[in-house]
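Hello,

Here is the structure we talked about. Please open it first, then read the notes below it.

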Amino acid sequence: TEGGVTVGRSAIWQDEIEECYYQNSLNRARSITSLPTLWLYYWMFFLTNNGYVDILSDKATFGHLTNEKMKAIPLVIPPSSESYRILNTLQKNEHYVEKEISNIHATIRKLKEYRTAIISAAVTGKIDVRDWEK
């Protein structure tokens, strides 16, 4: 996606419907080599989730990744046999990663609940925080 909260998020179009049009808030990338499209997807996923796209995006009001900036993103292209081995490994382990991400989100939610409970207890005097050591 070109802009908004989801700037950099990617998907692969696989001709699911006969004719499809897309909004100009999407950047379109195609492989011009024998590099699999899935490689481009994972590469953008990596860049988006590691902060590179955030750095590259204009952020006046929300993230904005222009087509020109998209074209300027470096693309690492390993030898064909290596790229297929990497893709196979990523696909094989993707569900484990998704499960761990889900676990992390659940832990974050629980920690936020704990924080809220601790703040509430401190504010209402249920716990004494005056002698709290750093």
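I73 is a good place to start. Setting aside residues up to four places away in sequence, I73 touches W43, M44, L47, Y52 and L56. Please keep in mind that this is a predicted model.

I73 also belongs to the largest nonpolar core. That core has eight residues in all: V7, W43, M44, L47, V53, L65, M70 and I73. Helix α1, residues 37-49, gives the largest share of this core, with three residues. There is also a second, separate core. It has five residues, among them L35, W39, Y42 and L87.

Next, the overall layout. The secondary structure comes to four helices and zero strands. Read along the sequence, the pattern is α-α-α-α. Helix α1 covers residues 37-49, helix α3 covers residues 67-72, and helix α4 covers residues 80-123.

How does the radius of gyration of the chain stand against that of a compact globule of 134 residues? The chain has 21 Å, where such a globule would have a value near 14 Å. The C-alpha trace spans about 65 × 35 × 35 Å along its principal axes. Of the 134 residues, 18% count as buried.

Contacts across the sequence deserve a look too. Take the contacts in the chain with a separation of 6 or more. Residues 24 or more positions apart account for 67% of them.

P36 and S83 are one such place to inspect. P36 lies in the segment before α1, while S83 lies in helix α4. Leaving aside neighbours within four places in sequence, P36 is in contact with S83, Y84 and L87. On the same basis, S83 is in contact with P36, W39 and P78. The C-alpha atoms of P36 and Y84 are separated by 8.3 Å, and these residues are 48 apart along the chain.

Are P36 and S83 buried or exposed? P36 has a relative accessibility of 13%, so it counts as buried, the cut-off being under 20%. S83 has a relative accessible area of 1%, so S83 is buried by that cut-off as well.

Now two residues at the other end of that scale. E68 is found in helix α3. Its relative accessible area is 61%; exposed means over 50%, so E68 is exposed. E68 and Y42 are 26 residues apart along the chain, and their C-alpha atoms are separated by 20 Å.

D15 lies in the segment before α1. With a relative accessible area of 60%, D15 is exposed. The backbone of D15 is worth checking. Its phi is near 55°, a positive value in a residue other than glycine. Most residues other than glycine have a negative phi.

Last, the surface and the charges. The accessible surface of the chain comes to about 11,000 Å². Carbon and sulfur atoms hold 57% of that surface. The chain has 16 positive and 16 negative charges. How far apart are the mean positions of the positive and negative charges? They are 5 Å apart.

If you have time for three views, I suggest these. Look at I73 with W43, M44 and L47, which it touches. Then look at P36 with S83, Y84 and L87, its contacts beyond four places in sequence. Finish with D15 and its positive phi.

Best wishes

Methods: Residues numbered from 1 in each chain as written. Predicted model: local features only at pLDDT ≥ 70, side-chain atom pairs only at ≥ 80, totals over all residues. Heavy atoms only, no water. Core = buried A, V, L, I, M, F, W, Y, C linked by side-chain atoms within 4.5 Å. Buried < 20%, exposed > 50% of the residue type's maximum accessible area, 1.4 Å probe, protein only. Helix = DSSP H or I, 4+ residues; strand = E, 2+ residues; numbered from the N terminus. Contact = heavy atoms within 4.5 Å. Rg over C-alpha atoms; globule rule 2.2 N^0.38 Å. Areas by Shrake-Rupley, 256 points an atom, 1.4 Å probe, with all protein chains shown as cover. Lys, Arg positive; Asp, Glu negative; His and termini not counted. Charge placed at Lys NZ, Arg CZ, Asp CG, Glu CD.
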